[in-house]
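Visitor: I should like to learn how the terms used for a protein model are justified. Please show me the model, and then explain the terms one by one.

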Amino acid sequence: MGGVGQVLLTGAAGSVAGQLLPGLEGWARLRLTDRVEPPSMAGAETVRGDLEDAAFVDSVMEGVDAAVHLAANADAQSEWDEVRGPNLEAPVNILAAAARHGVRKLVLASSVHAVGQYSKQGRRGITTDLPVAPCCPYGASKAFVEAAGRQHAYRHDASVICLRFGATTRVPMAREVLPGWFGPEDLAQMIRLSVESEVRFGIYFGVSAAELGVWDIENARRELGYEPHCQVGPYLETAPEVEGWGLCPT
């Protein structure tokens with residue numbers, strides 16, 4: 001195993017984790033958790049439970065060196081009553097438990113939806129130092145996660161990294177998502193780099209197709225050493241135009 005110790009991974013039964021886990025094999029001792037039974041993985045511990053239950057979160061955080069929090073309701077069509085529990089209460093529980101157990105490294109899944117208004121307006125070269133501009137309740141919940149993570153980093157002397165995932169799929173599912181596509185190899189690379197980094201607090205775009213010029217990843221290159229390997233070029237002509245695959249609802 002790698003030298004990063006025990007890593008808690010939430011949302012382990014989700015689609016993003018399904019793409020991520022093969023790239024983490026042999027990298028760390030993993031504790032996988034989800035509301036449904038997490039997948040089996042050689043050398044990994046699995047624990048089923050609800051992150052909205054503070055006592056459960058406290059139990060799974062015990063003894064870990066780092067936590068990668070992926071679990072969320074990621075449906076951009078969701079309204080507030082659908083994101084309040086999984087996207088607000090659950091990350092609050094994660095941060096509180098990390099503080100109690102002295103977990104000094106946290107990687108929190110955010111989303112490009114936290115600044116989705118810029119993209120919907122056709123802006124290019126979007127950087128992470130722009131004010132948040134969410135395009136939907138889901139995006140607003142991720143902006144909250146970033147703010148909560150920032151205060152946690154400075155209040156508890158921890159390292160917190162927020163990754164604004166783009167369209168995290170094995171291949172681009174539609175032409176509309178090409179600028180924000182985030183391939184599996186790059187996802188695993190960015191998670192590993194984030195856990196291993198010494199950055200106190202950082203926000204980075206998780207995208208592979210930086211050459212298309214919408215989402216700026218220069219700070220991820222400079223501060224994490226991230227360099228995309230997944231190539232968007234082969235999909236520029238083949239990705240279909242699919243109605244409804246835009247960034248978020250109007």
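Guide: Let us begin with angles: those under 35 degrees count as roughly parallel, over 145 as roughly antiparallel, 65 to 115 as roughly perpendicular and the rest as oblique. The model before you is predicted, so local features need pLDDT of at least 70 and side-chain atom pairs count only at pLDDT 80 or more, while totals for chains, interfaces and linings use all residues. Residues are numbered from 1 along each chain as its sequence is written, and side-chain values use heavy atoms, with hydrogens and water left out.

Visitor: Why are α2 and α3 called oblique to each other?

Guide: The axes of helix α2 (residues 54-61) and helix α3 (residues 80-101) cross at roughly 45° and come within 9 Å. Axes are lines fitted to C-alpha atoms, for helices over the stretch in contact, and angles run from 0 to 180 degrees between N-to-C directions. An angle of roughly 45° belongs to none of the named ranges, and therefore the two helices are oblique. Their crossing is right-handed, a term used if the near helix is turned clockwise from the far one by less than a right angle.

Visitor: Which residues of α2 and α3 meet?

Guide: Ala54, Val57, Asp58 and Met61 in α2 meet residues of α3 including Asn93, Ile94 and Arg100. Contact means heavy atoms within 4.5 Å. The residues of this contact divide into 6 nonpolar, 2 polar and 2 charged. In this scheme Ala, Val, Leu, Ile, Met, Phe, Trp, Tyr, Cys and Pro count as nonpolar, Asp, Glu, Lys and Arg as charged, and the others, Gly among them, as polar.

Visitor: What makes α3 roughly parallel to α5?

Guide: α3 and α5 pack at an angle of about 15°, with their axes 10 Å apart. That angle makes α3 roughly parallel to α5. By class, their contact has 14 nonpolar, 4 polar and no charged residues.

Visitor: How do you know that β4 and β5 pair, and in which direction do they run?

Guide: Two strands pair if DSSP finds at least two bridges between them. Helices (H or I, at least four residues) and strands (E, at least two) are themselves DSSP runs, numbered from the N terminus. Strand β4 (residues 66-69) is joined to strand β5 (residues 105-111) by 4 bridges, and the two run parallel. Ala66, for instance, has Lys105 as its bridge partner in β5. On another side of the pairing, 4 bridges join strand β1 (residues 6-10) to β4, where His69 is the bridge partner of Thr10.

Visitor: Why are β3 and β7 said to stand at the edges of the sheet?

Guide: The open sheet has 7 strands in the order β3-β2-β1-β4-β5-β6-β7, with parallel pairing. β3 (45-48) and β7 (201-206) each have a single partner strand, so one side of each is left without a neighbour in the sheet.

Visitor: Why is Leu163 called buried?

Guide: Buried means under 20% relative accessible area, exposed over 50%, and partly exposed in between (1.4 Å probe, protein chains only). Leu163 has a relative accessible area of 1%, and so is buried. Leu163 lies in strand β6 (residues 159-165) and touches, among others, Val107, Met190 and Tyr204. The C-alpha atoms of Leu163 and Val107 are separated by 7.4 Å, although these residues are 56 residues apart along the chain.

Technical notes:
Lists of a residue's contacts leave out its neighbours within four places in sequence.
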